[in-house]
Amino acid sequence: MCGIAGYINFDKSRPALQNIIKGMTDIISHRGPDGEGFYIKENLALGHRRLSIIDLSTGDQPMFSPDKSIVIVFNGEIYNYIELREELKSLGHSFITTSDTEVIIHAYMQWGVDCQNKLNGCWGFAIWDDNKKQLFISRDRLGEKPMHYAIWNNSFVFGSEIKSLFSFGVPGDMDDSLLEIYFFLKFIPSPYTFFKQIKKLKPGHFLLINGSEIKERKYWDLPEIDEKNMLSDTKEINNNFEFLLKDSVNIRMRSDVPFGALLSGGLDSASVVALMSEISKFPVET
């Protein structure tokens with residue numbers, strides 16, 4: 001778990017300030033106790049708090065493209081980053097770190113916003129493209145990683161946690177009209193929050209901020225499957241399920257910290273070992 005925050009002033013003559021972005025990341029320091037980093041240029045500020053899991057020595061953020069025109073702050077993990085890195089190398093890209101963060105940068109350089117379709121993981125990230133003067137913010141397909149944002153005081157403000165937006169100055173006026181929804185669903189669905197000025201980026205969606213123009217787009221949704229195309233053979237279903245379950249757990253175990261991905265989610269090492277042991281014995285019904 002890491003934490004990101006940032007803002008862009010719509011008035012380009014109004015510079016971003018170090019003390020503001022630092023306050024926005026200090027308040028979420030619990031998400032990333034291993035380091036902090038900032039990128040400030042003209043009316044834009046990006047901040048990051050790091051929990052080191054992959055590439056402990058050279059994975060600091062913000063991270064840049066080779067020509068420094070693209071910068072990213074990223075919270076999450078890209079599970080297929082090794083395979084993606086090899087694909088990008090075959091397309092002519094070269095890497096100076098072993099981090100999944102750098103893979104996202106090069107994926108964006110290669111495919112633009114369509115890079116999201118290449119990623120297998122959980123994420124909330126913000127990419128500033130200095131050539132396009134565009135901020136690109138993405139949330140993973142199912143919304144495992146948080147992303148909140150607001151338009152306030154002629155600025156676009158975002159962060160992993162709402163408290164970063166409060167630190168910027170976004171008011172915490174409650175939206176009482178959502179109480180009924182909360183009591184019925186036991187959660188507040190995206191794009192709403194309990195606060196009138198603050199929204200959640202919907203899962204499977206991304207934002208493009210260019211000047212004062214903000215566009216929200218969907219890049220993924222659950223596929224529609226006709227009944228005639230559904231599996232009906234019990235053995236095939238069980239075999240597929242076993243393969244997918246084992247593969248999803250194995251790929252999530254990639255880490256430079258032992259069991260890092262699962263430990264950061266709250267499981268101790270004994271629980272992880274027990275879980276892996278049980279999965280290895282997963283029965284296949286015949």
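Q: How many helices and strands does the protein have?

A: Let's start with the inventory. This is a predicted model, and in it the protein has 8 helices and 12 strands.

Q: What is the mean pLDDT of the protein, and what share of its residues reach 70 or more?

A: The mean pLDDT is 88, and 86% of the residues reach 70 or more. Two stretches drop below 50: residues 259-269, with 20 contacts beyond near neighbours in sequence, and residues 279-286, with 12 such contacts. Here's the general idea: where pLDDT is low, don't read the predicted coordinates in detail.

Q: OK, on to sheets. How do strands of a sheet pair?

A: They pair through backbone hydrogen bonds, and the pairing can be parallel or antiparallel. Now look at the case here: an open sheet of 6 strands, in the order E4-E5-E6-E7-E11-E12, with antiparallel pairing. E4 (63-64) and E12 stand at the edges with a single partner strand each, so one side of each has no neighbour in the sheet.

Q: How many bridges join E6 to E7?

A: Strand E6 (residues 121-129) and E7 run antiparallel and are joined by 6 bridges. To find your way along this pair, look for Ile 127, whose bridge partner in E7 is Phe 136. Move one strand over: E7 (residues 134-139) pairs with E11 over 5 bridges, again in the antiparallel sense. There, Gln 134 stands opposite Asn 210 in E11.

Q: Is strand E11 largely enclosed or largely open?

A: Count its buried residues. In E11 (residues 205-210), 5 of the 6 residues are buried, so the strand is largely enclosed by the rest of the structure. On its E12 side, E11 pairs with residues 213-218 in the antiparallel sense over 6 bridges, and Phe 206 stands opposite Arg 217 there.

Q: Which residue in the turn between E11 and E12 has a positive phi?

A: It's Gly 211, with a phi of about 65 degrees. E11 and E12 form a hairpin with 2 residues between them. You can find another hairpin in E8 and E9, also with 2 residues between the strands, where Asn 153 takes a positive phi near 55 degrees.

Q: Which strands does E8 pair with?

A: E8 (residues 148-152) is joined to E9 (residues 155-159) by 5 bridges, and the two run antiparallel. Tyr 149 has Phe 158 in E9 as its bridge partner. E8 also pairs with E10 (residues 198-200) in the antiparallel sense, over 3 bridges. In that pair, His 148 is matched with Lys 200.

Q: Now helices. Why do residues three or four places apart point the same way?

A: An α-helix has 3.6 residues a turn, so residues at that spacing end up pointing the same way. Try it on H1 (residues 18-26), whose buried residues are Ile 21, Met 24 and Thr 25. Seen down the axis of H1, these fall within an arc of 95 degrees, so they line one face of the helix.

Q: What covers the buried residues of H1?

A: The cover includes strands E1 (3-9), E2 (35-41), E3 (44-50) and E9, along with helix H4 (162-168).

Q: And which strands does helix H3 lie across?

A: H3 (residues 100-111) lies across E4, E5 (70-78), E6 and E7, and it runs at about 125 degrees to E5.

Q: Last one: what share of the protein's residues is buried?

A: Buried residues make up 45% of the 286 residues. As for the accessible surface, it comes to about 14,700 Å², of which 53% belongs to carbon and sulfur atoms.

Notes. Residues are numbered from 1 along each chain as its sequence is written. This is a predicted model: local features need pLDDT of at least 70, side-chain atom pairs count only at pLDDT 80 or more; totals for chains, interfaces and linings use all residues. Side-chain values use heavy atoms; hydrogens and water are left out. pLDDT is the predictor's confidence in each residue, from 0 to 100. Contact means heavy atoms within 4.5 Å. Two strands pair if DSSP finds at least two bridges between them. Helices (H or I, at least four residues) and strands (E, at least two) are DSSP runs, numbered from the N terminus. Buried means under 20% relative accessible area, exposed over 50%, partly exposed in between (1.4 Å probe, protein chains only). The arc is that of the directions from the helix axis to the C-beta atoms. Accessible areas come from the Shrake-Rupley method with a 1.4 Å probe; for residues, only the protein chains shown count as cover. Axes are lines fitted to C-alpha atoms, for helices over the stretch in contact, and angles run from 0 to 180 degrees between N-to-C directions.
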